[in-house]
Amino acid sequence: MALFIFCLNAAVGAALAGTFLVPETCLQGPEFWCKDAAAAVECRREQYCWDLQSSSWLEETLSEEDKALRPRKKCSICIKIIQKIQELAGEDPDEEAIDNAIRNTCKAMGKPLSWACKALLKKFKDKIMEAMENSEDPNEICTDLKMCRSV
């Protein structure tokens with residue numbers, strides 16, 4: 001019985017101690033967490049804020065036509081990003097040219113698309129590089145990435 005009480009006490013203590021590992025300011029919620037990158041890191045909410053920023057900035061970049069065609073928004077953004085990579089990589093690019101283009105694409109896309117660009121490249125960089133080396137077109141690449149529907 002004493003062992004059970006000791007274990008229960010240790011478990012409760014550990015659970016309570018865990019609540020103090022995050023600064024009190026982080027208890028303010030998402031508005032505080034995502035106000036800047038430093039707050040996101042401090043509150044250990046980088047992925048949450050990344051996802052939130054990606055989706056909200058993605059919405060800001062959509063034309064009214066894109067908004068009416070929501071299922072296609074990921075597709076159109078993906079195609080824009082792949083086209084920019086191709087533009088920066090040049091004609092018949094080698095692996096180094098593609099890698100340099102990928103590293104510079106998100107900056108070249110501008111702030112509204114940079115989060116979506118970073119998210120896409122973080123998830124699919126290797127697949128995009130391979131597709132670019134095989135001279136696939138943007139529609140084909142984005143379809144393979146499941147960002148566009150096959151026609």
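**Group meeting talk: a protein of helices**

Let me begin with a single residue, Arg-44, which sits in the loop between helix H3, residues 37-42, and helix H4, residues 46-61. Please keep in mind throughout that what we are looking at is a predicted model. Most residues other than glycine have a negative phi. Arg-44, although it is not a glycine, has a positive phi of about 60°, and with a relative accessible area of 51% it is exposed.

Lys-146 can be described in similar terms, since its phi is near 65°, again a positive value in a residue other than glycine. Lys-146 belongs to the segment after H9, and its relative accessible area of 71% makes it exposed.

With those two residues in mind, let me step back to the whole chain. The protein has nine helices and zero strands, so that reading along the sequence gives the pattern α-α-α-α-α-α-α-α-α. Of its 151 residues, 33% are buried. If we take the contacts in the protein with a separation of 6 or more, 49% of them are between residues 24 or more positions apart.

Now to the helix pairs, where I would like to start with H7, residues 95-109, and H8, residues 111-133. How do their axes cross? They come within 8 Å of each other and cross at roughly 165°, which makes H7 roughly antiparallel to H8, because an angle over 145 degrees counts as such. The crossing in which H7 passes H8 is right-handed. On the H7 side the residues that meet H8 include Ile-98, Ile-102 and Met-109, while on the H8 side those that meet H7 include Leu-121, Ile-128 and Met-132. Sorted by class, this contact of H7 with H8 has 10 nonpolar, two polar and six charged residues.

H7 also has a contact with H6. The axes of H6 and H7 come within 8 Å and cross at roughly 125°, which makes H6 oblique to H7, and the crossing of H6 and H7 is right-handed. Among the H6 residues taking part are Ile-81, Ile-85 and Leu-88, and they are part of a set that meets H7 residues including Ala-101, Ile-102 and Thr-105. By class, the contact of H6 with H7 has 10 nonpolar, two polar and two charged residues. Ile-98, Ile-102, Thr-105 and Met-109 of H7 appear in the list of residues that meet H8, and Ile-98, Ile-102, Thr-105 and Met-109 also appear in the list for H6.

That brings me to the interior. Which residues have the most contacts inside the largest nonpolar core? That core has 27 residues, and the ones in question are Ile-82, Ile-85, Ile-128 and Met-132. At least two residues of this core come from each of H6, residues 73-89, H7, H8 and H9, residues 138-144, and the helix that gives the most is H8, with 10 residues.

Ile-128 deserves a closer look. Leaving aside residues up to four places away in sequence, Ile-128 touches Ile-82, Ile-85, Ile-102, Leu-120, Leu-121, Ile-141 and Leu-145. Apart from the core just described there is another one, made of eight residues, among them Phe-32, Trp-33, Cys-43 and Cys-49.

Terms used
Residues numbered from 1 in each chain as written. Predicted model: local features only at pLDDT ≥ 70, side-chain atom pairs only at ≥ 80, totals over all residues. Heavy atoms only, no water. Axes fitted to C-alpha atoms, helices over the stretch in contact; angles between N-to-C directions. Helix = DSSP H or I, 4+ residues; strand = E, 2+ residues; numbered from the N terminus. Parallel < 35°, antiparallel > 145°, perpendicular 65-115°, else oblique. Left-handed = near helix turned anticlockwise from the far one by under 90°. Contact = heavy atoms within 4.5 Å. Nonpolar A, V, L, I, M, F, W, Y, C, P; charged D, E, K, R; others polar. Core = buried A, V, L, I, M, F, W, Y, C linked by side-chain atoms within 4.5 Å. Buried < 20%, exposed > 50% of the residue type's maximum accessible area, 1.4 Å probe, protein only.
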